[in-house]
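I opened my notebook today to look up how the helices and strands of this model are arranged. Here is what I went through, entry by entry.

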Amino acid sequence: MRLIKVSDEEELSRLAAEYVFSKIKSSEKIVLGLATGRTPLGMYRHLSKYSKEYKQSYSHVHTVNLDEYVGSRAYHDYMQQNFFDHIGIHKNQTHLPDGIAVDLEKECKRYEEVIIQLGGIDLQVLGIGQNGHIGFNEPGTDFSSRTHVVELTESTLSANAKYFTHEKQPRRAITMGIGTILESNEILLLASGEKKARALRELFQGTMNSDIPATVLNHHPNVTVLADEGARSLLEEES
């Protein structure tokens, strides 16, 4: 696992965008695994800027998102507004779980099939939750899990409540499983802010255990972590 230290969230966003954009430019075909939430917003802003400046085509790119709330299209809207609408990617090349599917179990299986048919994920972008979750894989999730429906913890609900000021916050989500994530060829994890410091410390210094799902990344052969000073604060104290 490689740790890249950055000073703040803006530098993290810029370097993450440069990293992803270089992969897009140098590939004839690429499948990107994408994340939502606050941390990757800056990355999407810079990626949109680079795409316009370099007139980058996305005809060779497919995207698969980590998750979506059950009964909602919140992350579909997030991706359109913050990224897809700005890069000219065809809608058929962007893939997210369908949170309003009638049969959720069937939808989970369908989403796994989408990833398989695309040939797997080349580069998966991850955030890390305060409780160490990746995707919406909460503490206790089996490391071999595939796309599934999860009951969100109070910690996760509290952290994301600010995004649901005008609608009732869903308490369940469809998430790509840990086993699915681990099959990605490469993983780029973004960590920003002191609230992520404990989870990041466990990732680098703790033992692999399902109470901190991110610790499973120690068993992936190609992980790069971009972390700002806040997220590294507990690592710096103990170094």
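**Helix 2 and helix 3**

I began with helix 2 (residues 41-53) and helix 3 (residues 74-87), whose axes come within 8 Å and cross at roughly 15°. A note to self before going on: this is a predicted model. Angles under 35 degrees count as roughly parallel, and helix 2 and helix 3 are therefore roughly parallel to each other. I also looked up the hand of the crossing of helix 2 and helix 3, and it is left-handed.

Next I listed who makes the contact. From helix 2 I noted L41, Y44, L47, S48, S51 and K52. From helix 3 I noted Y78, M79, N82, F83, H86 and I87. Sorted by class, the residues of this contact of helix 2 with helix 3 come to 7 nonpolar, 4 polar and 1 charged.

**Helix 1 and helix 2**

Helix 2 has another partner to check, helix 1 (residues 9-26): the axes of helix 1 and helix 2 come within 8 Å and cross at roughly 50°. That angle makes helix 1 oblique to helix 2. I found a right-handed crossing for helix 1 and helix 2, whereas the crossing of helix 2 and helix 3 is left-handed.

On the helix 1 side, I wrote down E10, S13, R14, A16, A17, E18, V20 and F21. On the helix 2 side, the contact uses G42, M43, R45, H46, L47, Y50 and S51. I see L47 and S51 listed here, and I had L47 and S51 in the contact with helix 3 too. By class, I have 7 nonpolar, 4 polar and 4 charged residues for the contact of helix 1 with helix 2.

**The sheet of 7 strands**

On to the strands. In what order do the 7 strands of the open sheet run? I read the order as 1-10-9-6-2-3-5, with parallel pairing. Strand 1 (2-5) and strand 5 (94-95) are the edge strands, and each pairs on one side only. I then checked what packs on this sheet: helix 7 (residues 197-205) does, touching strand 1, strand 9 and strand 10 (223-227). The direction of helix 7 makes about 145° with that of strand 10.

Inside the sheet, I looked at strand 6 (residues 123-126) and strand 9 (residues 186-191), which pair in the parallel sense over 4 bridges. For Q124, I found that the bridge partner in strand 9 is I187.

**The sheet of 3 strands**

I also looked up an open sheet of 3 strands, with the order 4-8-7 and antiparallel pairing. Strand 4 (67-69) and strand 7 are its edge strands, each pairing on one side only. From one strand to the next, I get a twist that averages 25°.

Strand 4 and strand 8 run antiparallel and are joined by 3 bridges. Here the bridge partner of Y69 in strand 8 is A173. Strand 7 (residues 148-151) also runs antiparallel to strand 8 (residues 172-175), joined by 4 bridges. V150 stands opposite A173, so I have A173 down twice, once for V150 and once for Y69.Which side chains of strand 7 are buried? I found H148 and V150 buried and pointing to one face. V149 and E151 point to the other face and are not buried. Last entry: helix 4 (residues 104-117) packs on this sheet and touches strand 7 and strand 8. The direction of helix 4 makes about 25° with that of strand 8.

Notes: Residues are numbered from 1 along each chain as its sequence is written. This is a predicted model: local features need pLDDT of at least 70, side-chain atom pairs count only at pLDDT 80 or more; totals for chains, interfaces and linings use all residues. Side-chain values use heavy atoms; hydrogens and water are left out. Two strands pair if DSSP finds at least two bridges between them. Helices (H or I, at least four residues) and strands (E, at least two) are DSSP runs, numbered from the N terminus. Contact means heavy atoms within 4.5 Å. Axes are lines fitted to C-alpha atoms, for helices over the stretch in contact, and angles run from 0 to 180 degrees between N-to-C directions. Angles under 35 degrees count as roughly parallel, over 145 as roughly antiparallel, 65 to 115 as roughly perpendicular and the rest as oblique. A crossing is left-handed if the near helix is turned anticlockwise from the far one by less than a right angle, and right-handed if clockwise. Ala, Val, Leu, Ile, Met, Phe, Trp, Tyr, Cys and Pro count as nonpolar, Asp, Glu, Lys and Arg as charged, and the others, Gly among them, as polar. Buried means under 20% relative accessible area, exposed over 50%, partly exposed in between (1.4 Å probe, protein chains only).
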